[in-house]
Amino acid sequence: MDSARPKRKTTVNVNYKEKSELDLVQEQEREANVIKKAAKKPEPSKPETPTKLAGKNKSQDKSQYVPVDEVVPINFQPKCDQEFNVLLDLKGAKVENNVLTLKDGTRIKKGDFIYMICEPPGEPYYIARIKGFARKEKDDATKSAKNYNFEVCWFYRPRDLNRKSPDARLLFASLHMDECPISSFRGFVTVKHRAEIEDLDAYRMIPHSFYFEKLYDRYMVKMYDVLPTIKLTNLPPNYYKALTKRYEYIFVEVGRGQDLLSDPKNCEKCMQWAASSDSIQCLRCQKIYHLLCVDPPITNKPKRGFAWFCAACNKELEEELSEKRGHMLHSGLPSQIAASIKDEDSDASEDVSSSQTPMEVESRSESIQTNETELPNGKLARYEELAIAFLEADKNLSFEKRRELEEWPYRYLGMHAKLEDALDLQDRPYPRAASRLGTKHQFTGIVDWYGHPVVYYDDSDYPKARSRKKKYQKEDYVAD
Ligand SMILES: [Zn+2]
Ligand SMILES: [Zn+2]
C-alpha cells in the first residue's frame, strides 16, 4: 500500500500475518469452554477484587461469583455468526473488463465498496471504492488475477482526519487513490450518501453499512459538501441530464449546495434557466432576469449589497415616492430616488456598504434604468449547447455504461468551476481555488529607479476591468 496514506498510531507489536478464520473460531470455542468450566467450579476462597461486573455481582450470593477478568481475555468478543474476514482464493481468478471473477463465481467489480486490510493490521479495516484494476506488468496481457492490483479510491474515517466522532459509521469521501494488492481485500461493505438513507438509525444497525456526506481533499486541506446529482433541481434540463449521466455525485464548497437544491430559477423574460452568476433578482418582486435579458443589458453584476429593481417595480417605487413626498421629487434621478428609499427602509439599508467607489455607483444607476422592451434572445446558453451536443454524441451508451467509463464518481462543481467544465471529457474532477493573479496578490507599486524607467506590458490578454484601469493611469504618469 502506498505510504502516503496517514498511518494509524498503534502501540502493539504487529504481526502482519492475520489469523485465518478457522483459527479465530477455534480460539473462541476454547475461550467459551474455559468460561463454562470456570462457572462450574467457582473459587470461593479467592478474595474479591473490583471488576467490571462488580456492581452486578454485589447483590448476588458470593458463591456464584466468577473472577471474570482472570479467565476472559481483555479483548474477548462473542463469536460472530457472520463471516467477517473474507480472504480471497485467487487461484484461477480472472480480471476482465474491470471485473474480477473468482473460481467460485464471486464477482468483484468497479464501483464496489470493499474492506481492505489496514496498515498495520489490528486496526479497523480501510474502506474503499474500486476504481478499476491495474496491471502489475504493463506488457503482460494475461488475465490472471495475479497480474493485477486494485485501483481504489479511499474513504476516510474521522480518526484518519484527526476528528473525533461518536458515529462509527460516518465516513468522508476523498479523491485519494492508491494501487493495492488484490490479496488485501477483506470483504464487501455498503457505503451510501446520507441523502440516500431514509432512516439513519435503522441503517446504522445493519452490519457493514457506512454513510458519507462530505468529501475531504488533502491538497486543499478542506472539506466539501457532496450532493448526489440526481437530487439537484436548480439546473437547466439538458445540462441536468448530461451531468447525471456522467457523475453520481458533485461536490461544492460547504454551504454552497443550497442554491443547486432549490427550486429551478428561470428568467422572467425568456423563461430559460438562469445561473446565479449571470442573472439578477429584483429586490421587490423577487423575479429573476438574465443580465443580458434586461434592457439595456447589464455587463457587470452589481456588487453584493446593492439592490436592483426591475422596470415594473422601479416604476411603482417612483409612484409611491411621488405620493409620499409630493411631486417635487418626481423630476429627480431614479437612482437618487432609489437611494433615498433605501435610506428609509432600515432593513434594506443595513447591508449597503458605506464606501462607494465611482465605478460601483455607476453600475448601480445603470442597472436601475431598465425596461422590458427587448425581445428575448433565442440563443441557448453555452452549457446547454454543450449538454445537447454531449447527449447526442453519447446517446448509444446507457446510463450505467456511461458512468462505468468515468474514472471518478465525484466531480467538483463549486464556486471556482464553470458549469460547462463538467461536460468537458478532458477536464479533471479535482477541486479548485481562486486565482492568485492580480493586484490583490501581486505588488504593483514599483517606483522608478534612476535611469531605469518602469516598463509596463500590454495586459489586454487578461481582460479584467479594474486592473487595466489602474495600469493605464500609471502609464500616463510615466509618460509625464
Ligand atoms: Zn433570460
Ligand atoms: Zn421587480
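Hi everyone. Let me start with a pattern along the chain: the donors of the zinc ion (ligand 1) follow the spacing C-x2-C-x19-H-x2-C. Before going on, please keep in mind that this is a predicted model.

So which atoms hold that zinc ion? For ligand 1, the protein donors are the SG atoms of C267, C270 and C293, together with ND1 of H290, and they lie 2.1 to 2.3 Å from the metal. The angles subtended by these 4 donor atoms run from 100 to 115°, and that makes the arrangement around the zinc ion (ligand 1) tetrahedral. Two of the residues I just named, H290 and C293, are buried.

Now to the other zinc ion, ligand 2. What coordinates this one? Here we have the SG atoms of C282, C285, C310 and C313, at 2.1 to 2.3 Å. Along the chain, the donors of ligand 2 are spaced C-x2-C-x24-C-x2-C. C285 and C313 link distant parts of the chain, sitting 28 residues apart: C285 is in the loop between β13 (279–281) and β14 (288–290), while C313 belongs to helix α7 (residues 311–325). As for geometry, the 4 donor atoms around ligand 2 subtend angles of 102 to 117°, so this arrangement is tetrahedral.

Are C285 and C313 buried or exposed? C285 has 28% relative accessibility, so it counts as partly exposed. C313 has a relative accessible area of 6%, which means it is buried, the cut-off being under 20%.

Since C313 took us into α7, let's stay there for a moment. This helix has 15 residues and reaches 21 Å from its first C-alpha to its last, close to the 21 Å expected at 1.5 Å a residue. Which of its residues are buried? They are A311, C313, N314, L317, L321 and S322. As a reminder, an α-helix has 3.6 residues a turn, so residues three or four places apart point the same way.

Last stop, the strands. I'd like you to look at β7, which covers residues 170–181: 9 of its 12 residues are buried, so the rest of the structure largely encloses this strand. How does β7 pair with β6, and how with β10? With strand β6 (residues 148–156), β7 pairs in the antiparallel sense over 7 bridges. One residue pair to find on your screen is C153, whose bridge partner in β7 is M177. With strand β10 (residues 209–217), the pairing of β7 is parallel, over 4 bridges. There, S174 has Y216 in β10 as its bridge partner.

That's my tour, thanks for listening!

How values were computed:
Residues numbered from 1 in each chain as written. Chains lettered and ligands numbered in written order. Predicted model: local features only at pLDDT ≥ 70, side-chain atom pairs only at ≥ 80, totals over all residues. Heavy atoms only, no water. Donors = N, O, S within 2.8 Å, 3.2 Å for Na, K, Ca; no water. Tetrahedral: all angles 85-135°; square planar, octahedral: opposite > 155°, others 65-115°. Buried < 20%, exposed > 50% of the residue type's maximum accessible area, 1.4 Å probe, protein only. Helix = DSSP H or I, 4+ residues; strand = E, 2+ residues; numbered from the N terminus. Expected span 1.5 Å × (residues − 1). Pairing = 2+ DSSP bridges.
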